[in-house]
Amino acid sequence: MFPDNYLQPRDDGLPTRPVGEWTAEKLWYLERYLSQTLTALRDKPWRGLHYIDLFAGPGKGRTSAGDVLLGSPLLAVTLKYRFTGYFFSDIDEAYIDALRQRCSGVPGVRYFVGDANEVVNTVTEIINRIDREYLLGQWSSMNVAFLDPEGLELKWDTVETLSGVRRMDMLIYYPQMGINREASKEYQKSPPTSLDYFFGGSEWRDVYAHYPRRELHSRLVELYKRKLRQLGYKVDFDISEPLMRNKRRRAPLYRLLLVSKHPLGAKFWRNALAKDRYGQKRLL
Ligand SMILES: C[S@@+](CC[C@H](N)C(=O)[O-])C[C@H]1O[C@@H](n2cnc3c(N)ncnc32)[C@H](O)[C@@H]1O
């Protein structure tokens with residue numbers, strides 16, 4: 001309807017997703033991480049530089065005040081340096097239709113409608129095939145996945161499948177509020193519950209039973225990181241992951257966790273976190 005506005009943080013007549021004020025903070029860190037990664041890696045002989053957004057949404061969000069902001073897929077396609085390929089999926093077909101229209105002028109985008117925990121198999125097959133098409137002098141592909149569901153929809157198996165790709169950095173949403181809401185109920189139920197799927201097993205139940213509530217999330221994040229390390233990731237146990245909160249009630253909502261198999265990933269993430277959206281230095 002208004003194609004000039006498709007890639008701008010403006011109304012373009014297509015569907016948007018309602019977002020809270022904390023969304024801008026999450027996207028701030030994502031954008032800083034992606035910019036640094038692309039700036040540093042752009043001239044290397046990759047077989048492809050891919051961005052994978054399995055919970056992509058329609059590409060734009062709208063706050064309760066009516067402001068329109070670019071969602072993660074549109075941020076990724078409008079960075080100064082480009083990825084060579086994009087994989088966007090969402091369970092909501094109308095969101096993917098809107099995203100497809102918004103990105104109609106962007107080369108190299110593949111779209112999928114479906115559960116991220118299933119779409120991941122097709123996406124990793126495509127990337128592994130690209131990696132196998134060996135061309136003299138080329139490296140494997142370099143990939144960044146953003147895993148940003150609403151709550152507890154991301155399954156550990158999906159993270160594990162992605163980890164099978166040779167170079168796959170992952171920025172993962174840790175659903176603190178969802179865990180707070182569900183843990184006591186799910187603890188009473190036999191596995192597998194949504195928390196068992198999220199953590200890839202039932203070890204979270206021991207953590208839940210043994211640690212006081214104020215330590216719960218630092219212990220659970222530690223558990224999650226230990227599992228990521230077993231997948232071959234270099235995990236920074238000393239970093240303090242950003243915790244997004246509801247601004248009015250200060251209620252904790254979610255954290256963001258970055259893992260890479262290369263030491264540069266942790267360095268870029270630390271740099272990305274060094275400054276918050278208001279220009280304040282963050283303590284890491
Ligand atoms: C928090 S939003 C993502 C926002 C997006 N990253 C952005 O910055 O605009 C989560 C998205 O996941 C989608 N979703 C929920 N469950 C899903 C699932 N199992 N598989 C794929 N997408 C799902 C929702 O439709 C929603 O668009």
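The points below go through the strands, the core, the ligand shell and one exposed lysine of a predicted model.

1. Strand 7, burial. Strand 7 covers residues 142–147, and six of its six residues are buried, so the strand is largely enclosed by the rest of the structure. Met142, Val144 and Phe146 point one way from strand 7, while Asn143, Ala145 and Leu147 point the other way. Both sets are buried, Asn143 included.

2. Strand 7, partners. Strand 7 pairs with strand 2 (residues 49–53) in the parallel sense, through five bridges. In this pairing Ile52 has Ala145 as its bridge partner. Strand 7 is also joined to strand 8 (residues 168–174), again by five bridges and running parallel. Here the bridge partner of Phe146 is Leu171 in strand 8.

3. Crossover. The connection from strand 7 to strand 8 involves helix 5 (residues 156–163); the three elements make a right-handed β-α-β unit.

4. Strand 8 to strand 10. Strand 10 (residues 252–259) is joined to strand 8 by five bridges, and this pairing is antiparallel. Met170 has Val259 in strand 10 as its bridge partner. Strand 8 thus has a parallel pairing with strand 7 and an antiparallel pairing with strand 10.

5. Hairpin of strands 9 and 10. Strand 9 (residues 243–245) runs antiparallel to strand 10, with three bridges between them. Arg245 is bridged to Pro252 in strand 10. Six residues lie between the strands of this hairpin, and Arg250 takes a positive phi near 65 degrees there. A colleague checking backbone torsions may look at Arg250 in this hairpin.

6. Open sheet. Three strands form an open sheet in the order 1-3-4, with mixed pairing. Its edge strands are strand 1 (17–18) and strand 4 (68–70), each of which pairs on one side only. Strand 3 (residues 60–62) and strand 4 run antiparallel and are joined by three bridges. Gly61 stands opposite Leu69 of strand 4.

7. Nonpolar core. The largest nonpolar core has 65 residues. The members that touch the most others are Leu30, Tyr33, Leu54, Ala145, Leu147, Met170 and Leu171. Helix 1 (residues 22–41) gives the most to this core, with six residues. Ala145 and Leu147, which point the same way from strand 7 as Asn143, are both in that list of core members.

8. Leu171. Leaving aside residues up to four places away in sequence, Leu171 touches Leu30, Tyr33, Phe146, Leu147, Leu256 and Leu258. Phe146 in this set is also the residue whose bridge partner is Leu171. Leu30, Tyr33 and Leu147 are, like Leu171, among the core members with the most contacts to other members.

9. Ligand shell. There are 19 residues around the ligand, of which Phe55, Gly57, Gly71, Ser72 and Ala116 come nearest. By type, the shell divides into seven nonpolar, five polar and seven charged residues.

10. Lys281. Lys281 is placed in the segment after helix 10 (263–273). It has 8 C-beta neighbours inside 10 Å and therefore counts as exposed, since the limit for that class is 12 or fewer. With residues up to four places away in sequence not counted, Lys281 touches Ala274 and Lys275.

Technical notes
Residues numbered from 1 in each chain as written. Predicted model: local features only at pLDDT ≥ 70, side-chain atom pairs only at ≥ 80, totals over all residues. Near = placed C-beta within 6 Å. Nonpolar A, V, L, I, M, F, W, Y, C, P; charged D, E, K, R; others polar. Pairing = 2+ DSSP bridges. Helix = DSSP H or I, 4+ residues; strand = E, 2+ residues; numbered from the N terminus. Buried ≥ 20, exposed ≤ 12 C-beta atoms within 10 Å, placed from the backbone. Right-handed = clockwise from strand over helix to strand, strands pointing away. Core = buried A, V, L, I, M, F, W, Y, C linked by C-beta atoms within 7 Å. Contact = placed C-beta atoms within 7 Å.
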